[in-house]
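Subject: Structure for you to look at

Hi there,

Here is the structure I promised to send over. Have a look at it first, and then read on for my notes.

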Amino acid sequence: MPAGLYRALLTVAGAAIAIVLAVAISSVAIIAAGASPEAAFAALFNFGETERAVVNGITTMINRSVPLFIAGLAVAVGFRMNLFNIGVEGQYRIAAICAAFVGAQFSLPAPIQILVIIVVAAAVGGLYALIPAVMKVTRGVNEVIATIMLNYIAINLAAFLVRGPFTGERAKGQLTTSTPTLPESAWFPNLNGLFEMFGLPAPRGGGLWGFLVVAVLLGVAVWVLLERTKFGFEVKASGLNPMAALASGVKPKKMVIAAMVLSGAIAGLIGLPEILGDKHNFGSNFTPGLGFLGIAVALLGRNRPAGIAVAALLFGFLDRAQGPLQFANVPPSVIAIMQGAIVLLVVVANEITSRMALRREERRAARQLGRNTPVEVAA
Amino acid sequence: MNADAPATARPAVELEGITKRFPGVVANHDIRITVEPGTVHAIVGENGAGKSTLMKILYGMQKPDEGTIRINGTEVSFRTPSDAIAAGIGMVHQHFMLADNFTVLENVVLGAEPKKAGALDTARARARIEELSSTHGLQVDPDRLVEDLGVGDRQRVEILKVLYRGARILILDEPTAVLVPQEVDELFENLRELKAGGLTVIFISHKLDEVLSIADAITVIRRGTTVASVDPREVTARQLAELMVGSELPTPETRESTVTDTVALSVSGLTMEADGFRSLPKGTPIAEYTAGLRAEGRRLLLDDVSFDIHRGEILGIAGVEGNGQSELIEAIMGMRPVHGSVELAGADISSWSTLKRREAGIGYIPEDRHRQGLLLEASLWENRVLGHQTRKPSRSGVWIDRRAAKADTQRIIEEYDVRTPGVDTLALALSGGNQQKLIVGREMSGEPVFLIAAHPTRGVDVGAQAAIWDHLRAARAAGLAVLLISADLDELIGLSDTLHVIYRGRLVARLDPSDVTPERLGGYMTGAISGSTAEPAGEEA
């Protein structure tokens, strides 16, 4: 069996075992909360009776997964280089409000309008990530500390902006404040047609966010960049062995800045599925916490785009069940416990499986060496 | 030790049938050694023969898969080094494990501090150390900072450390590797004192003359197993060498000179301060600036280093490790700022980046392949790309050309005899010698004009060593200029066309490798013989 396939199979097996164990741990938590695990797991897989309910469930799951996937990609770009960009949270919030505000200032044909908003979001996210990057390369400030601090600034700055300079008109009876509503040319078309193609009813609300397409393209682009280009090679080398990278002519400072800014630029897009596809503004009820969840998603997905996609779908699947769990009289916080348990166990499983794969490689190499028969001893 | 012991005391250490299997590394197979108490017992073998593994087993760092260990007649099973220390075994590692900014006394007691009311009982520690050093003739001032000590003194501190913990059996792992001949003599004097004091010393080495002069018994290890136990009085160095290698000895002799008139690399006035780079004040010549630094009594890592290397020439740099060799390499590679100038094939490259220097044809075999030379968790072909990521065949446009890189890796595997299942194998699965051959192959790719070879055969087996020497010689004949930095004096003398000695950041002597002895080289390396360019500057063709 080729080494690559063997490694992939081991990874999948490890993840499966980890999920089973996580289910066991969550069951304990559910019992402790006084509910029945069977009811809980039934609710987890219960997408509803009617076709419409099933479609709504799937839509909720995917709509949740899309921003998580982008967040996972953003974190992974840093992780690849051993850069811990904890600041994805702040970067996406500040990028989202800026993009929502700028996008509402003019009206252009739809493709251009949307493109401008995407570019603004990426630029703001990237620039915000440039701050810790510059601090790191010029003054050696640890990026973890710097990005955590910048998160507080970004979160509160966004809260201030939405109530102050960037605030839009508040509709009658609306309780929250938000940026001005985007012109219709900035509304990303939904993908409800996909359901209709299979003769299924369209989901309610904003429908299946069209930004899914952008996310998939982004995932492919990140994969190509990291796995196939010279830049990706330099990122990998810097992450695996910074000393060897330096000796090989990779400029460490340049790489830190490039990886951090790229990570921030991707992070800038996290809020766009929701803004362009559903809310059409940045409001005070904008979804928080996606950046932090992105760290878990990246860990779960082993910093690889395909893995991150699976991890994001898993998280989306679990998050979707919040409602059904409440109907089943199970506290929805069980979901958070389950997510935490899965991440921890998968990290452990990854460590074990990669060691197993390694040992196998060594054995194979040793067999190759064994062909070199030792000289007969004549003592 | 007890009064009614039989005439033949029980062996201090008895190893029987020790076997240790590792994937990919030379392990131990059916090792049998008996060490009599109160003797110096040498264990000799080539690099990679399995000596280190054996010592790790004896010191409790690894568990044998099979076999028994008996200490003073009692069978033991060590799980950790603490168990071994408790049984009276002490290990002096090849690389010193001392805290530089602590005094000798603090280093010796570290981890086993005598305490009085929760604080370090300095008086008691001092009394104990002074007692130990006077009984065993290990003279070191307990109050000096370790960073101020020379290599020989540091080694004595290591030995004291072990004795302080009550060791009666000392393992010395290649203790002379970092010493020059004069210091070796001192060490041997110390070892004789220890022996006289009833201690047992296990001495690991591959330097045969030394072994013959100090050991009471010798065990030879080859390819992981004990091949002979001999009496040093009845064996010659030649016979011992043949036992070790099992075949003809490789020699690093270079044959006829291939040195040309064309200068490939020229460095002049390289100077590096110990406390960080400061840019030269405008209009000050380097020489004047350096003289100023020296007058201020500032420590210089590199002190006005200048030399030329011609096409087809191997220039060797001898020196005790830590005298500026690493800094010299980093300066030439552009990894660390330095005063002075570096010229490659006539072009001033002083301000170039590492990448640009590499692209211009500088190859680099690093001193520590795991630290600077390899991505251990990446495949062999990715390691082939490392350092060549901007050049053909690894790159095409913004892309990494995977197919071409893999094909070229296959070429290296064949030409340099890298033993691996394939190009996708991870680098860490390979043995040290094969990793090194891959690096040599990589650095010889892309037609380099100048190669830095730092300890090119360190920690590789004899076969790989001979192969690497052959490759260096062939490249030299083809016109490559090589800067060879090595701790192996035979390698330096055998391969170099010109030999410089570096001491405290200065090139203190230029010698002709054809008529220099390791002893004289050692004299310059320690500063015992001081002399500016003692030899006539040499007449190049």
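Let me start with a question: in which loop of chain A does Arg302(A) lie? Arg302(A) sits in the loop that runs between helix H13 (290–300) and helix H14 (305–320) of chain A. I picked it out since Arg302(A) is not a glycine and yet has a positive phi, about 55°. Please keep in mind throughout that this is a predicted model.

Chain B has a backbone feature of its own to look at. The peptide bond that leads from Lys392(B) into Pro393(B) is cis, with omega near 0°. You will find Pro393(B) in the loop between helix H13 (380–385) and strand S19 (395–396) of chain B.

Now to the interface. On the chain A side, 36 residues are in contact with chain B, where 44 residues take part. Together the two chains bury about 3,600 Å², and carbon and sulfur atoms account for 64% of that area. Three residues stand out here: Arg228(A), Lys230(A) and Phe233(A) provide 18% of the area that chain A buries against chain B, more than any other three residues.

What about charged and polar pairs? Between chain A and chain B there are 10 residue pairs in polar contact, counting those with both residues at pLDDT 80 or more. One salt bridge is found across the interface. The side chains of Lys236(A) and Glu382(B) form a salt bridge, at 2.7 Å from N to O.

As for which parts of chain A touch chain B, helices H8 (211–228), H9 (230–240), H10 (242–247) and H16 (333–370) of chain A each bring at least two residues to that side. H16(A) contributes the most, with nine residues. Sorted by class, the side of chain A that touches chain B holds 18 nonpolar, 12 charged and six polar residues.

Finally, the cavities. Searching the whole structure turns up three of 30 Å³ or more, and the largest has a volume of about 50 Å³. The lining of the largest cavity is made by Arg358(B), Gly361(B), Ile362(B), Gly363(B), His388(B), Arg391(B), Glu443(B), Ser445(B), Gly446(B) and Pro448(B). By class, that lining consists of five polar, three charged and two nonpolar residues.

Happy to talk any of this through over coffee.

Best wishes

Terms used:
Residues are numbered from 1 along each chain as its sequence is written. Chains are lettered from A and ligands numbered from 1 in the order in which they are written. This is a predicted model: local features need pLDDT of at least 70, side-chain atom pairs count only at pLDDT 80 or more; totals for chains, interfaces and linings use all residues. Side-chain values use heavy atoms; hydrogens and water are left out. Contact means heavy atoms within 4.5 Å. Buried area is the accessible area (1.4 Å probe) that two parts lose on being put together, summed over both. A salt bridge is a side-chain nitrogen of Lys or Arg within 4 Å of a carboxyl oxygen of Asp or Glu. A polar contact is a pair of N or O atoms within 3.5 Å; within protein, one must be able to donate a hydrogen and the other to accept it, and residues adjacent in sequence count only if both atoms are side-chain atoms. Helices (H or I, at least four residues) and strands (E, at least two) are DSSP runs, numbered from the N terminus. Ala, Val, Leu, Ile, Met, Phe, Trp, Tyr, Cys and Pro count as nonpolar, Asp, Glu, Lys and Arg as charged, and the others, Gly among them, as polar. On a 1 Å grid over the protein atoms alone, a cavity is a set of points where a 1.4 Å probe fits but cannot get out, and a pocket is an open set with protein on both sides within 12 Å along at least five of seven lines; lining residues have an atom within 4 Å of a point. Grid points are joined across faces, edges and corners, and a volume is the space filled by probe spheres set on the points.
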